[in-house]
Amino acid sequence: MKDIIGIGLIGAGRAGMIHAENFVSRVPGARMAGVADNSEEAAKKAADRLHIPYWYTDYRKLLQNPEIDAVIVVTPTKYHKEIVLEAAAAEKHILCEKPMAMNSEECKEMIQAAEEHQVKLQIGFMRRFDKSFRKAKEIIDSGEIGQVVMVKSLTHGPSTPREWMYDIEKSNGPLAEVNSHDIDTMRWLADSEAVSIHAMAGNFRCREAAENYPDFYDTVLMNVRMANGAICNIDGAQGVRYGYDARVDVLGTKGLVQIGGLKETTTVSCTKEHGMSSGIIASWTDLFSEAYVQEDISFVRCILEDTEPEVTGYDGWKAVEIVKAGNRSIKTGGIINLNEKEKPDGEEKKC
Ligand SMILES: NC(=O)c1ccc[n+]([C@@H]2O[C@H](COP(=O)([O-])OP(=O)(O)OC[C@H]3O[C@@H](n4cnc5c(N)ncnc54)[C@H](O)[C@@H]3O)[C@@H](O)[C@H]2O)c1
């Protein structure tokens with residue numbers, strides 16, 4: 001194994017550039033070797049800005065470059081499967097952004113391809129590398145709050161979604177794009193798997209989408225029962241405007257762990273005119289910037305030390321399974337039992 005892992009970025013958009021910047025200077029044992037984006041402008045701009053030696057408009061060319069040992073897949077979700085299968089066949093290790101793929105079948109194919117070609121497959125649930133989430137997990141694992149009986153996790157994003165997200169069939173909606181993180185940390189913190197799900201949703205702020213995309217929802221609540229008996233609630237919203245809000249409560253038989261808050265800093269100003277005020281966290285890019293660095297460091301470490309990634313393809317698959325069940329529950333109004341077989345996409349429309 002090489003001492004320095006050559007990294008190739010596939011998809012140089014918002015999240016892709018966060019990873020690329022980390023790999024340029026903050027990840028020991030790695031160097032940015034190439035970037036591919038089907039937008040020539042995006043690929044070239046990323047290469048120029050970060051002095052990346054190779055850029056491509058076709059990711060297949062990047063996969064042929066022997067200087068690249070591992071790829072970061074950060075394209076829109078619907079392309080993840082195809083790219084991951086080809087990356088595995090080219091024997092490149094893979095860090096694939098969340099949501100892992102569009103459905104369980106795709107996830108299983110991706111896991112199988114990574115196993116077959118003996119490459120690492122890590123999924124981009126960076127909250128597991130965030131200091132506060134890690135501390136919470138440590139406290140829970142120590143037994144300090146007893147047995148976990150309830151997890152309540154919320155994520156509210158300030159901006160309205162991009163248009164491709166309005167079509168739930170194509171995007172899997174906010175449960176996938178926003179709440180995948182809550183779903184993953186729910187499984188992680190409760191240390192159990194979901195067995196039944198009921199979700200309700202509505203579109204309250206994206207009224208312009210209502211006519212063409214009547215299934216689109218911008219607000220969702222999902223209740224989940226876990227195999228160990230814990231009861232969980234996931235709360236998601238987009239376009240809330242007030243800030244980026246990510247908070248979790250974990251209730252145990254002996255205590256409570258809370259993660260997150262709205263305040264940008266601990267600074268509070270007090271005046272007669274404005275009362276008491278403090279800044280609100282504006283974006284996930286601010287809140288989780290260090291978590292992305294730690295995620296990227298962990299990915300390279302698992303390659304260099306030949307260990308299992310801290311977040312696996314299995315974790316990615318289980319989150320996708322819960323998203324699909326949640327969307328099915330929203331559509332049918334029913335409770336979805338997860339030992340039920342997930343229906344192929346086409347059949348889902350009939351529910
Ligand atoms: N972990 C997180 O918190 C987090 C945050 C944001 C986005 N994401 C995920 O990252 C992925 C990308 O999201 P984004 O917000 O960065 O999107 P984006 O639209 O900003 O960027 C996507 C980039 O991929 C490029 N692209 C599209 N198809 C391609 C292809 N076939 N080959 C190469 N490049 C291609 C586009 O030109 C674009 O530059 C999504 O799966 C999203 O859910 C994760």
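This report looks at how a protein chain holds its ligand and how its two domains meet.

The model is predicted, so local features need pLDDT of at least 70 and side-chain atom pairs count only at pLDDT 80 or more, while totals for chains, interfaces and linings use all residues. Residues are numbered from 1 along each chain as its sequence is written, and side-chain values use heavy atoms, with hydrogens and water left out.

Let's start with the two domains. An automatic or database assignment splits the chain into domain 1 (5–126 + 292–310) and domain 2 (128–288 + 317–348). Their centres, taken over C-alpha atoms, are 25 Å apart. Across the boundary, 23 residues of domain 1 are in contact with 24 residues of domain 2, where contact means heavy atoms within 4.5 Å.

Now for the ligand. There are 26 residues around the ligand, and Arg14, Asp37, Glu97, Glu177 and Tyr292 come nearest; a residue is near if one of its heavy atoms lies within 4 Å. Both domains pitch in, with at least three residues of the shell coming from each of domain 1 and domain 2.

Here are some polar contacts (pairs of N or O atoms within 3.5 Å) to oxygen atoms of the ligand:

| Residue | Polar atom in | Distance |
|---|---|---|
| Glutamate 177 | side chain | 2.8 Å |
| Histidine 181 | side chain | 2.9 Å |
| Lysine 98 | backbone | 3.0 Å |

On its own, the ligand has 840 Å² of accessible area, and the protein covers 87% of that (Shrake-Rupley method, 1.4 Å probe).

Notes. A polar contact is a pair of N or O atoms within 3.5 Å; within protein, one must be able to donate a hydrogen and the other to accept it, and residues adjacent in sequence count only if both atoms are side-chain atoms.
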